[in-house]
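This briefing sets out selected features of one protein chain for a structural reader. The sequence and the coordinates are shown first, and the points follow by topic.

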Amino acid sequence: MADDPKQQQKDPAFARFMLIQLSRLVGIVMVLAGLAMANGVIGPAPVVGYGLILAGIVETFVIPVIMAKQFRSPKE
């Protein structure tokens with residue numbers, strides 16, 4: 001089973017897809033942590049929470065688009 005050539009080959013597109021999804025997940029976690037900070041549940045001053053919310057929104061919506069453009073195959 002370990003000698004199966006299909007299992008040994010790694011698909012770079014799948015790795016890139018997973019990296020984009022991980023970026024989105026991290027952005028969502030940042031927004032949730034920022035909301036908790038802004039409401040005074042955890043952490044320092046609410047201002048830090050607002051900054052974390054903004055950074056999380058950028059991480060969730062902007063960064064994956066930029067990464068997808070970087071990973072796109074060149075047109076010939």
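**Helix α3 and its surroundings**

At 39% relative accessibility, I57 is classed as partly exposed, and I57 is found in helix α3. The model is a predicted one. The points below begin with the surface to which I57 contributes, then turn to F61 and T60, and close with the chain as a whole.

**The nonpolar patch**

- L54, I57, V58, F61, V62 and I66 together make a nonpolar surface patch of about 550 Å².
- The most is given to this patch by α3, which supplies four residues.
- I57, one of the residues of the patch, falls between the two limits for exposure, because its 39% is neither under 20% nor over 50%.

**F61**

- F61 has its place in helix α3 and is also among the residues that make the nonpolar patch.
- With a relative accessible area of 58%, F61 is exposed, because the limit for that class is over 50%.
- In sequence, F61 and R24 are separated by 37 residues, while their C-alpha atoms lie 7.4 Å apart in space.

**T60**

- T60 belongs to helix α3, which spans residues 46-61.
- T60 is buried at a relative accessible area of 11%, because buried means under 20%.
- The side chain of T60 reaches the backbone oxygen of G56 at 2.7 Å.
- The T60 side chain also reaches a backbone nitrogen, that of I28, at 3.4 Å.
- When neighbours within four places in sequence are set aside, T60 is in contact with R24, G27 and I28.
- I28 therefore appears both in that set of contacts and as the residue whose backbone nitrogen the T60 side chain reaches, a distance that counts as a polar contact because it lies within 3.5 Å.

**The chain as a whole**

- The secondary structure of the protein chain consists of four helices and zero strands, in the order α-α-α-α from the N terminus on.
- The protein chain has 76 residues, of which 18% count as buried; T60 is one of the buried residues.
- Among contacts in the protein chain with a separation of 6 or more, 53% are between residues 24 or more positions apart.
- About 6,000 Å² of the protein chain is exposed, and carbon and sulfur atoms supply 68% of that area.

Conventions:
Residues numbered from 1 in each chain as written. Predicted model: local features only at pLDDT ≥ 70, side-chain atom pairs only at ≥ 80, totals over all residues. Heavy atoms only, no water. Helix = DSSP H or I, 4+ residues; strand = E, 2+ residues; numbered from the N terminus. Buried < 20%, exposed > 50% of the residue type's maximum accessible area, 1.4 Å probe, protein only. Polar contact = N/O pair within 3.5 Å; in protein donor to acceptor, adjacent residues only side chain to side chain. Contact = heavy atoms within 4.5 Å. Patch = residues over 30% accessible without salt bridge, like charges linked within 9 Å, V, L, I, M, F, W, Y side chains within 5 Å. Areas by Shrake-Rupley, 256 points an atom, 1.4 Å probe, with all protein chains shown as cover. Salt bridge = Lys/Arg side-chain N within 4 Å of Asp/Glu carboxyl O.
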